[in-house]
Structure formats: C-alpha cells, structure tokens
Amino acid sequence: MPELPEVETVVRELREEICGDIISSVEIFRSNPIVQGDLDMFQEQLCGRKFMDVRRRAKYLIFNLEPKRYLVAHLRMTGKFIVSDPLPEPTKYNRVWFNLESGRQMIFDDIRCFGTLEVYDDLADSKSLQKLGIEPLSKAMTLGYFKKNLGSSKREIKSVLLDQQIIAGLGNIYVSEILFRSRIHPQRSAGSINKREWSLIIKYTKYILQEAIKNNGTTISDFRRVDDKTGAFQQFLQVYDKKEQPCTECGTPIQRIVQQQRSTFFCPECQR
DNA sequence: AGCGGAACCTGTCGGC
DNA sequence: TGCCGACAGGTTCCGC
C-alpha cells in the first residue's frame, strides 16, 4: 500500500496526535507475523514510555520514546495507524492497541498482517534500517551517486529504482510514474541511462514525491490517513493502473508488463 | 551479482 | 451463484 509519500503523510499526522502522550498499556489481538518474539517483552518495553517524536526513514515509521527507546514500524501493503477515542471492542483487522494515558488509543490495523512492529534501544541494531540506500528527497540524490553505483549495471532501471538498498522509499506506483515523466523505457539497463536521463530521473522523483506529499499520498484502494481520509494524488497519476487507456502525451494505449513479479505501466511510444 | 519463484496473509474482481 | 485464477501500494529467503 504505502510508499514514501503515504508514510510521510501518516508520520506528520501521527506526530500531531500522539507527541507528549504516554503508553499506558499494549493489547495484542494478533501478533504473527506483525510482532516477532516475546509478546510480554514487547508490552513491557513500551509501557510507561512517552512519545517524543515520530519520523520517517524510507517507508519505516520511527517513534522516539522517552526514556530512550524506539518503536520501528513498517506498514507493508495494508498496515494502518489510527488514533481514536477508545473502542469498546477491536474491529476485525485491529492487530495492536496502544492505550494512551490521555485516554485515547493508537491502533495498528492490518488486513494482510504483513506489517511489522519492532522495538530497539539503539537504532543501529536494526538490520533493516541499516541496509537502506539514500533518501530520494535528500542532497545525496545526485548524478554522481547513480553513475558511480550503476554506471555499468545491466539491471533493468525499473528494478533498480525499486531497490531499497540503492534508493529507499520508492514503490511500484511512483516508479512507473517517474519513468513515464522521464520518458525512459522500464526495461532499459541502468548502465545505458545517460547523464541527461539520470538528471531527469532525479528531477521527476523529487517533483512527483513532493507533489504526492502535498496531496497526502495516493489512495488506490485501501490507503487511509490517520483520520481515515484518503490521499488525493491518484488523480495525478499518468500511467499506473491505466492499461489500455490513452497516453496523456500521445494517445497510444498504456501497456502493462510484469517485471520482478510486479506490474509496470508505461507508454511504448513516449518511453524509449 | 542478480534473476525467478515462492512465501508471508487476506481480500477483491473478472471470467466462465 | 459458485469456483478459480490473477492480482494487490512490500519485503525476504532460497536455489540456480
């Protein structure tokens, strides 16, 4: 479900809702595979801790707690955070309740149970955070970085842009959109991308992500914000999920192909 | 190194 | 109506 802009939207809204609040108890309705290991320990590690901040790294949410400790969450496909007044009963896909001293609760809800919740005393202990590549909206996003790491790579550009160890935060929707705007065919090898084209990728990655964040992300089917509202960026999508629809630039039907077991949408005329 | 395939789960949709 | 396969915004593991 969520890529970088959707996670950023959730982080900003959660920050407003929970900073300063304290976890009074944690109720787990279904853990596997969301919470790994000892559930009692997970609860003990969090009870009594205060939310100081919520931030994002790639598609991970990082909750800073005091006394110092971190809750690291990943929404995967269908994970959601909801902050609400206390519910009498968990609803069907509620997996974990974080009951707060203010009387409200932060709910982790996840239809498919792919999401993850982990606790760390030191973020350096998180293997998954450790492996991540550069943030696409940071200054590290340069021509030099791509030429140096991918200048002679035979990998398909679609697969490279989805690789979280190279650039961290893009997902299946935005990669199709970025390549369409950059007019680059998704099956081109990374090594064949010239400087001008890398510059286009950098420019449109930043532009599309920023516009998507301004619009609170993209809702295709079930992405929801903390207050259950939907994102609005889906109205600006040019190719994703538009198979057979005319290209906005040239009218050629948009094609769907499968790369790395995932759909790619592109215009065979505009993208070379 | 990097690919394809399967796995982790549950739901929806389209075709027959 | 019912069943079956394909597909879904993500990541990880395994074998070649």
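Reader: How many bridges join strand 3 to strand 4, and which way do the two run?

Author: In this predicted model, strand 3, which covers residues 60-66, is joined to strand 4, residues 69-74, by six bridges, and the two run antiparallel. To pick out one position, Asn-64 has Tyr-70 in strand 4 as its bridge partner.

Reader: Which sheet are they in, and what is the strand order?

Author: They belong to an open sheet of four strands, ordered 2-3-4-8, in which the pairing is antiparallel. Strand 2 (50-57) and strand 8 (116-120) are the edge strands, and because each has a single partner strand, one side of each is left without a neighbour in the sheet. Direction ignored, neighbouring strands of this sheet are turned against each other by 20° on average.

Reader: Ok, and which strands of that sheet does helix 1 touch?

Author: Helix 1 packs on this sheet by touching strand 2 and strand 3, and the direction of helix 1 makes about 170° with that of strand 2.

Reader: What about the sheet with strand 1 in it, what's the order there?

Author: That one is an open sheet of four strands as well, in the order 1-6-7-5 and with antiparallel pairing. Here strand 1 (23-28) and strand 5 (79-84) stand at the edges with a single partner strand each, so one side of either strand lacks a neighbour in the sheet. From one strand to the next, the twist averages 15°.

Reader: Which strands of this sheet does helix 1 pack against?

Author: Helix 1, residues 4-18, touches strand 5, strand 6 and strand 7 (105-110) as it packs on the sheet, and its direction is at about 25° to that of strand 5.

Reader: And how many bridges hold strand 1 to strand 6?

Author: Strand 1 pairs with strand 6, residues 94-100, over five bridges in the antiparallel sense, and within the sheet Ile-28 stands opposite Val-96 of strand 6.

Reader: Switching topic, how is chain A divided into domains, and how far apart are their centres?

Author: Chain A is split into domain 1, spanning 4-130, and domain 2, spanning 143-266, with 29 Å between the C-alpha centres of the two. Their contact involves 16 residues of domain 1 and 19 residues of domain 2.

Reader: Which element gives the largest share on the domain 1 side?

Author: On the side of domain 1 that touches domain 2, helix 1 and strand 5 are the elements that give two or more residues, and helix 1 makes the largest share with nine residues. By class, the residues on that side are eight nonpolar, two polar and six charged.

Reader: Now domain 2: at what angle do helix 4 and helix 7 pack?

Author: Helix 4 (residues 143-150) packs against helix 7 (residues 195-214) at about 120°, and their axes are 9 Å apart. The two helices are therefore oblique to each other, and their crossing is right-handed.

Reader: Which residues meet there?

Author: From helix 4 the residues are Leu-143, Phe-146 and Lys-147, and they meet Lys-195, Trp-198, Ser-199 and Ile-202 of helix 7. That contact comprises four nonpolar, one polar and two charged residues.

Reader: Last one, how many residues sit between strand 9 and strand 10 in the hairpin?

Author: Two residues lie between them, and Gln-260 in the turn has a positive phi of about 55°. Strand 9 (residues 255-259) and strand 10 (residues 262-266) pair over five bridges in the antiparallel sense, and Gln-259 is found opposite Arg-262 of strand 10.

Technical notes. Residues numbered from 1 in each chain as written. Chains lettered and ligands numbered in written order. Predicted model: local features only at pLDDT ≥ 70, side-chain atom pairs only at ≥ 80, totals over all residues. Pairing = 2+ DSSP bridges. Axes fitted to C-alpha atoms, helices over the stretch in contact; angles between N-to-C directions. Contact = placed C-beta atoms within 7 Å. Domains from an automatic or database assignment. Nonpolar A, V, L, I, M, F, W, Y, C, P; charged D, E, K, R; others polar. Parallel < 35°, antiparallel > 145°, perpendicular 65-115°, else oblique. Left-handed = near helix turned anticlockwise from the far one by under 90°.
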